[in-house]
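Open the model in your viewer and keep the sequence panel visible. The stops below each begin with a selection.

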Amino acid sequence: MEVATTRQVLYGLWQNTNGDTYVTTELMTFPVLRATARRLYYARSYDPDGTIRETGFIDRAVLERDGEVRRRSAGWWEPDAILYRDPPPLPGAAPAPADLGALKAAMAAAHPDRGGTDAAFVTARTAYEQALTRRQES
């Protein structure tokens, strides 16, 4: 079997609820142990010293195609019920601020005087103005 080199960890979300008092969501990481053409094997649970207590596997093709995969035998409460290729945004977290410089450069590149189209310029300008408005409001 091939040693996992392309993807070192998988991500999952764990929700801690205390009745109706509060709900917190934490990002969990699951180390990939090995990869085959069809599956990724990962450490479902492990001790602080690194000793693996339980392993699991998921369909590699589904993860690469969709960016996430639902483990069929998992309960909704398990942090690895849905595993993600990239860290998912936490519920209630603010979106990352837009790079205004990159949006301005894209707007300039899409300008009709520089070979762009009217539609591309309008789209780029709208994205820039929305990002600028969000930054001013925060």
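Begin with strand β5, which contributes three residues to the lining of the largest pocket, the largest share of any element. The model is a predicted one.

**The largest pocket**

Select Arg 38, Arg 39, Phe 57, Ile 58, Asp 59, Val 62, Val 69, Arg 70, Arg 71 and Arg 72 to display the lining of the largest pocket. The space inside comes to about 370 Å³. Colour β5 (52-59) and β6 (68-70), since each of these strands supplies at least two of the lining residues. By class, the lining of this pocket holds six charged and four nonpolar residues, with no polar ones.

**The second largest pocket**

Next, select Leu 13, Trp 14, Gln 15, Trp 76 and Glu 78, which lie nearest the centre of the second largest pocket among its 14 lining residues. The elements giving two or more residues to this lining are β2 (9-17) and β7 (82-84). Of the elements, β2 gives the most, with four residues. This pocket encloses about 260 Å³. Colouring its lining by class gives nine nonpolar, three polar and two charged residues.

**Asp 80**

Move to Asp 80, in the loop between β6 and β7. Is Asp 80 buried or exposed? Asp 80 counts as buried, because its relative accessibility is 2% and the cut-off for buried is under 20%. Show its neighbours: leaving aside residues up to four places away in sequence, Asp 80 touches Phe 30, Tyr 42, Arg 44 and Arg 71. Arg 71 was already on display as part of the lining of the largest pocket. Then draw a distance from Asp 80 to Trp 14: the two C-alpha atoms are 8.0 Å apart, although 66 residues separate them in sequence. Trp 14 has also appeared before, as one of the residues nearest the centre of the second largest pocket.

**Ser 45**

Select Ser 45, which lies in strand β4 (residues 39-46). Ser 45 has a relative accessible area of 18% and is therefore buried. Which residues does Ser 45 touch, not counting those up to four places away in sequence? They are Ile 52, Arg 53 and Glu 54.

**Helix α3**

Go on to helix α3, residues 118-137. Its 20 residues reach 28 Å from the first C-alpha to the last, close to the 28 Å expected at 1.5 Å a residue. Highlight Ala 124, Tyr 128 and Ala 131, the buried residues of α3. Why are they on the same side of α3? They lie on the same side because they cover an arc of only 65° around the axis. As a general point, an α-helix has 3.6 residues a turn, so residues three or four places apart point the same way.

Add α2 (100-109) to the display, as it is part of what covers the buried residues of α3. Then rotate to the face of α3 turned away from its buried side, where the exposed residues are Asp 118, Ala 119, Val 122, Thr 123, Gln 136 and Glu 137.

**The whole chain**

Finally, show the whole protein as a cartoon. There are three helices and seven strands, running from the N terminus in the order β-β-β-β-β-α-β-β-α-α. Colour by accessibility: 26% of the 138 residues count as buried. Among contacts with a separation of 6 or more, 37% join residues 24 or more positions apart.

Methods: Residues are numbered from 1 along each chain as its sequence is written. This is a predicted model: local features need pLDDT of at least 70, side-chain atom pairs count only at pLDDT 80 or more; totals for chains, interfaces and linings use all residues. Side-chain values use heavy atoms; hydrogens and water are left out. The expected span of a helix is 1.5 Å times one less than its number of residues. Buried means under 20% relative accessible area, exposed over 50%, partly exposed in between (1.4 Å probe, protein chains only). The arc is that of the directions from the helix axis to the C-beta atoms. Contact means heavy atoms within 4.5 Å. On a 1 Å grid over the protein atoms alone, a cavity is a set of points where a 1.4 Å probe fits but cannot get out, and a pocket is an open set with protein on both sides within 12 Å along at least five of seven lines; lining residues have an atom within 4 Å of a point. Grid points are joined across faces, edges and corners, and a volume is the space filled by probe spheres set on the points. Ala, Val, Leu, Ile, Met, Phe, Trp, Tyr, Cys and Pro count as nonpolar, Asp, Glu, Lys and Arg as charged, and the others, Gly among them, as polar.
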